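Colleague: I'm new to this one and would love a close look at just one part of it. Could you take me through the charged pairs?

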Amino acid sequence: MAETFLVGVDLGGTTIKLAFINLDGEIKHKWEIPTNKKDNTIVVDIAKAIDQKVLELNLSKDQLAGIGMGAPGPVELETGLIYSAVNLGWENYPLKDKLERETNLPVIIDNDANIAALGEMWKGAGNKAKNLVCVTLGTGVGGGIIANGEIIHGVLGAGGEIGHITSIPEGGAPCNCGKTGCLETIASATGIVRMAVEKLKEDGVNSPLKNLYSQSENITAKDVFDSARNGDQLALDVIETMSYHLGLALANLANGLNPEKIVIGGGVSKGADLFLAKVKAYFQKYSFPTVAKGADIKVATLGNDAGVIGGAWLVKSKILNNVPTA
Ligand code: ZN
């Protein structure tokens with residue numbers, strides 16, 4: 001019998017990642033296409049990319065069990081409607097319907113951070129934990145919460161928005177969501193840079209980052225981490241603040257969920273050597289003792305593959321398991 005593949009798709013603002021994945025969650029083929037926002041050809045581009053790959057690999061299209069896809073923005077689960085994806089210019093966009101029509105395959109859509117959480121649960125640092133919190137520290141802070149093996153979506157699809165937990169109730173930095181003081185303004189790459197730059201502008205500051213900043217008017221979270229590794233107190237202070245707020249937010253969240261695993265992913269997790277132990281210490285301090293005992297905080301292991309693997313998991317668990325096999 002010909003092998004069955006699960007199609008994982010991770011729709012981002014600049015690239016679309018695609019993969020054919022086997023039933024054990026192993027990526028067999030993976031590739032990327034650019035996200036063409038201008039002409040809104042995204043759905044057609046994905047359908048074409050899949051058809052071309054099927055031809056190229058000499059497969060038959062009925063070897064594909066379905067498509068599981070992550071999209072940036074809150075999703076209406078039953079209908080696969082994207083309420084709003086500002087990056088892509090979508091408002092109430094019927095993504096599932098359009099993609100099913102274009103590909104003739106069953107499609108299941110979820111928010112990209114949720115899908116990444118499912119990927120980490122299935123094949124990554126989650127190690128099959130059925131109660132798991134995944135927090136993605138990138139340009140922003142995304143999150144996915146899994147309880148009893150299922151993503152928590154909430155009433156409007158905005159469950160798991162860990163990045164918008166309020167960390168600074170009054171006088172915090174403005175967030176993209178319209179609030180101020182969100183965790184995202186502190187624990188994202190953007191937040192780390194913002195805090196470092198604010199400190200660099202203070203009088204009498206002595207930090208190697210000062211030269212870098214005055215030369216380029218621009219530093220990155222990586223610069224802050226590198227400087228901290230060289231013992232720069234300013235950078236270490238920024239990491240201390242970031243670790244405190246991340247540990248506190250995760251502890252408060254965990255007190256309501258009692259998760260087995262907390263997985264920290266995204267580009268900022270490359271600085272985990274600097275912050276993971278601190279985050280764990282603050283988490284211990286601020287979580288209910290039984291919750292603290294149960295939760296293991298880990299760095300994500302799948303990197304950019306988490307999305308496509310999570311998409312494949314959705315096909316396996318929601319499409320394959322609901323369709324009687326002949
Ligand atoms: Zn926010």
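Colleague: Which residue forms a salt bridge with K222, and how far apart are the closest N and O atoms of the pair?

Modeller: Happy to! The partner is D226, and the closest N and O atoms are 2.9 Å apart. A salt bridge here is a side-chain nitrogen of Lys or Arg within 4 Å of a carboxyl oxygen of Asp or Glu. This is a predicted model, in which local features need pLDDT of at least 70 and side-chain atom pairs 80 or more, while totals for chains, interfaces and linings use all residues. Residues are numbered from 1 along each chain as its sequence is written, and side-chain values use heavy atoms, with hydrogens and water left out.

K222 and D226 sit four residues apart, about one turn, in helix α7 (residues 221–229). Helices (H or I, at least four residues) and strands (E, at least two) are DSSP runs, numbered from the N terminus. An α-helix has 3.6 residues a turn, so residues three or four places apart point the same way. K222 counts as exposed at 55% relative accessibility, whereas D226, at 30%, is partly exposed. The cut-offs are under 20% relative accessible area for buried, over 50% for exposed and partly exposed in between (1.4 Å probe, protein chains only).

The whole structure has 13 salt bridges, so let me show you two others that reach further along the chain. K278 pairs with E240, their closest N and O atoms being 3.0 Å apart. This pair links distant parts of the chain, with K278 in helix α9 (residues 272–286) and E240 in helix α8, 38 residues apart. Both partners are partly exposed: K278 has 29% relative accessibility and E240 has 28%.

The other pair is K261 with D296, where the closest N and O atoms are 3.8 Å apart. K261 belongs to strand β12 (residues 261–265) and D296 to strand β13 (residues 296–299), so this salt bridge ties together parts that are 35 residues apart in sequence. K261 is buried, with a relative accessible area of 10%, while D296 is partly exposed at 29%.

To come back to where you started, K222 and D226 also belong to a network: salt bridges that share partners join them with R229 and D273.
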